[in-house]
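Good morning. I will take a few minutes on one chain and go from the overall layout to the strands and then to two single positions.

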Amino acid sequence: MTDLAIATPDTHRRLDAIDRKILTVLQDDASLSVAEIGDRVGLSSTPCWKRIQRLEAEGIILRRVALVDQNKIGLGISVFVSIESGDHSEAWLKKFADAVSAMPEVMEFYRMAGDVDYMLRVVVADMQSYDVFYKKLISSVPLKNVTSRFAMEKIKSVTALPVPPVSAA
């Protein structure tokens, strides 16, 4: 249901400057060959490949994907949905998380701190599609409040994490 990113000191020690360069290169273009990645980080193919395999095995690299322009495939509306719940039981959360996780329109799903309990980022084709999604959402479990905010313009959207440098500890 959730991806908790817990940075342990051990993980930071295992990631040297070359590993961090590899992560930066792969986040920019995962379609590069191992030889090209190696050239960019100063390694030959075999040690570069071994490092990539280790980063995958350790779960640092989760997967490699193609990024698709949502507008060019007809998903022109992005909606940020804030949800407040009157029920905070484990059973309610499991039912809610299962229902929302099964909705393909939901791109991101967070449990929040503060005045909102959950936040969703939803993409749909049009207002009618959002209405269908909204009705499905509110019928999934009892909700206290649902607030929808429609994005008018995407100003910045990145997928690459800013890989921190090796700390001198």
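I begin with how the model is to be read, then turn to the chain itself.

This is a predicted model, in which local features need pLDDT of at least 70 and side-chain atom pairs count only at pLDDT 80 or more, while totals for chains, interfaces and linings use all residues. Residues are numbered from 1 along each chain as its sequence is written, and side-chain values use heavy atoms, with hydrogens and water left out.

First, the layout. The protein chain has six helices and four strands; these are DSSP runs, numbered from the N terminus, with helices being H or I of at least four residues and strands E of at least two. In order from the N terminus, the elements are α-α-α-α-β-α-β-β-α-β. The radius of gyration is 20 Å, well over the 15 Å that the globule rule gives for 169 residues, so the protein chain is more spread out than a compact globule. That radius is taken over C-alpha atoms, and the rule is 2.2 Å times the number of residues to the power 0.38. Along its principal axes the C-alpha trace spans about 55 × 40 × 25 Å.

How much of the chain is buried? Of the 169 residues, 26% count as such, where buried means under 20% relative accessible area, exposed over 50%, and partly exposed in between, with a 1.4 Å probe and protein chains only. Contacts, meaning heavy atoms within 4.5 Å, are next: of those with a separation of 6 or more, 64% are between residues 24 or more positions apart.

Now the strands. Two strands are called paired if DSSP finds at least two bridges between them. Strand S1, residues 77-84, is mostly covered, with six of its eight residues buried. S1 runs antiparallel to strand S3, residues 118-124, and seven bridges join the two. Within that pairing, serine 78 has valine 123 as its bridge partner, and valine 79 stands opposite valine 122. S1 also pairs with S4 in the antiparallel sense, over six bridges, and there glutamate 84 stands opposite asparagine 145.

S3 is mostly covered too, with five of its seven residues buried. Besides S1, S3 pairs with strand S2, residues 106-111, again in the antiparallel sense, over five bridges. Here glutamate 108 has arginine 121 of S3 as its bridge partner. S2 and S3 form a hairpin with six residues between them, and glycine 114 in the turn has a positive phi of about 110°. As general background, side chains in a regular strand alternate between the two faces of the sheet.

Two positions to finish. Where does lysine 144 lie? Its place is the loop between helix H6 (127-140) and strand S4 (145-150). Lysine 144 counts as exposed because its relative accessibility is 61%. Leaving aside neighbours within four places in sequence, lysine 144 is in contact with Glu84, Ser85 and Gly86. The C-alpha atoms of lysine 144 and glutamine 53 are separated by 46 Å, with these positions 91 residues apart along the chain.

Alanine 160 is in the segment after S4. Is alanine 160 buried, exposed or partly exposed? Alanine 160 counts as partly exposed because its relative accessibility is 37%. Its C-alpha atom is 9.0 Å from that of leucine 23, although the two are 137 residues apart along the chain.
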